[in-house]
Amino acid sequence: MTPPDAPHNRWSDLDRPPLNVTALRRGLLRPESLWSELEVVETAGSTNSDLAERARSGGLAEGTVLVAEEQTAGRGRLERSWTAPPRSGLFFSVYLEPGDDVPVERWGWVPLLAGVAAATGLAKAAGVDTALKWPNDLLVTVEGEERKAGGILGEFAGDGIVVGLGINVSLRADELPAPTAGSLALAGAVSTDRETLLRAVLRSLEHWYGEWKGAGGDAAASGLQAAYAAGCATLDRTVRAELPGGNSLVGQAVAIDGDGRLVLSTDDGLQQPVSAGDIVHLRGAAGGLT
């Protein structure tokens, strides 16, 4: 802990050491690796915005990773803000170019792929069961309740796609931005070492991206579709899909289809695929609303 008479410095929390960029590069930037460049900055408005701007300017290498110790204008879906104390989480974006190997219409799987990678990487490195809430949330269990501990945002930029991840690692209860939020620490993580967690997530992302790209973006053939469904907390629950334009749809979430859409079975017996929208969990194994 910082001595009580020490000058106030928002970077001086000894429980939240800075990332060691040299060690991260040494562990991740190998000749055969997907990851080609890794930069850590003290603060950024949004790593997604910064990396997307560089991609649109041209010359950005596939596998570039941009990490911020703090984000001041992090973005989620629908331009929602994402903020957290410095060094309390992982805030990073990656640039991928599926290129001619994958038809553009299959690129929508990339954010879902990132979710599978994050969930599997965090489960291994942090020892925390991490579930997926369709389409882009990472859930953990805190005191018996599902809480959002992370989010994913993908956007087309340049010749590829930028995918950003924000993951609450060491946030304490009094630092949570909302009652529905959580963190790996509050979920009982065996490790909150951000370097270990970041390496695990990026290596998992490299694995799943390689499998998916090698299968021409076929989510079924690569195993991605099955992996997403196996880890998806939205399936087999009654949900409300709040759709673009203000409409909503209530039904049981029964499947993730080959295009990454959530399929709802409605009371009138129809099966309706949902490609975009906010999902509210109404009833399910964990109970309550999420």
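**Exercise 1. Determine how the axes of helix α1 (residues 21-28) and helix α4 (residues 194-214) are arranged, and which residues make the contact.**

Solution. The axes of α1 and α4 come within 11 Å and cross at roughly 30°. Helices here are DSSP runs of H or I with at least four residues, and strands are runs of E with at least two, numbered from the N terminus. Axes are lines fitted to C-alpha atoms, for helices over the stretch in contact, with angles from 0 to 180 degrees between N-to-C directions. The crossing angle therefore makes α1 roughly parallel to α4 (under 35 degrees is roughly parallel, over 145 roughly antiparallel, 65 to 115 roughly perpendicular, the rest oblique). On the α1 side the contact involves Ala 23, Leu 24, Gly 27 and Leu 28, and on the α4 side Glu 195, Leu 198, Arg 199, Leu 202 and Arg 203; contact means heavy atoms within 4.5 Å.

The model is predicted: local features need pLDDT of at least 70, side-chain atom pairs count only at pLDDT 80 or more, and totals for chains, interfaces and linings use all residues. Residues are numbered from 1 along each chain as its sequence is written, and side-chain values use heavy atoms, leaving out hydrogens and water.

**Exercise 2. Establish whether Arg 16 is buried or exposed, and identify the partners of its side chain.**

Solution. Arg 16 lies in the segment before α1. Its relative accessibility is 5%, so Arg 16 counts as buried (buried is under 20% relative accessible area, exposed over 50%, partly exposed in between; 1.4 Å probe, protein chains only). The side chain of Arg 16 makes polar contacts with the side chain of Ser 170 at 2.9 Å and with that of Glu 175 at 2.6 Å. A polar contact is a pair of N or O atoms within 3.5 Å; within protein, one must be able to donate a hydrogen and the other to accept it, and residues adjacent in sequence count only if both atoms are side-chain atoms.

**Exercise 3. Describe the surroundings of Thr 64 in strand β2.**

Solution. Thr 64 belongs to strand β2 (residues 64-68) and, at 1% relative accessibility, counts as buried. A polar atom of the Thr 64 side chain lies 2.7 Å from the backbone oxygen of Ala 61. Beyond neighbours within four places in sequence, Thr 64 is in contact with residues including Ser 36, Leu 51 and Ser 93. Ser 93 is 29 residues from Thr 64 in sequence, and their C-alpha atoms are 8.3 Å apart.

**Exercise 4. Find the side-chain partner of Glu 146.**

Solution. Glu 146 sits in strand β8 (residues 145-157) and is buried, with a relative accessible area of 17%. Its side chain is joined to that of Arg 237 by a polar contact of 2.9 Å.
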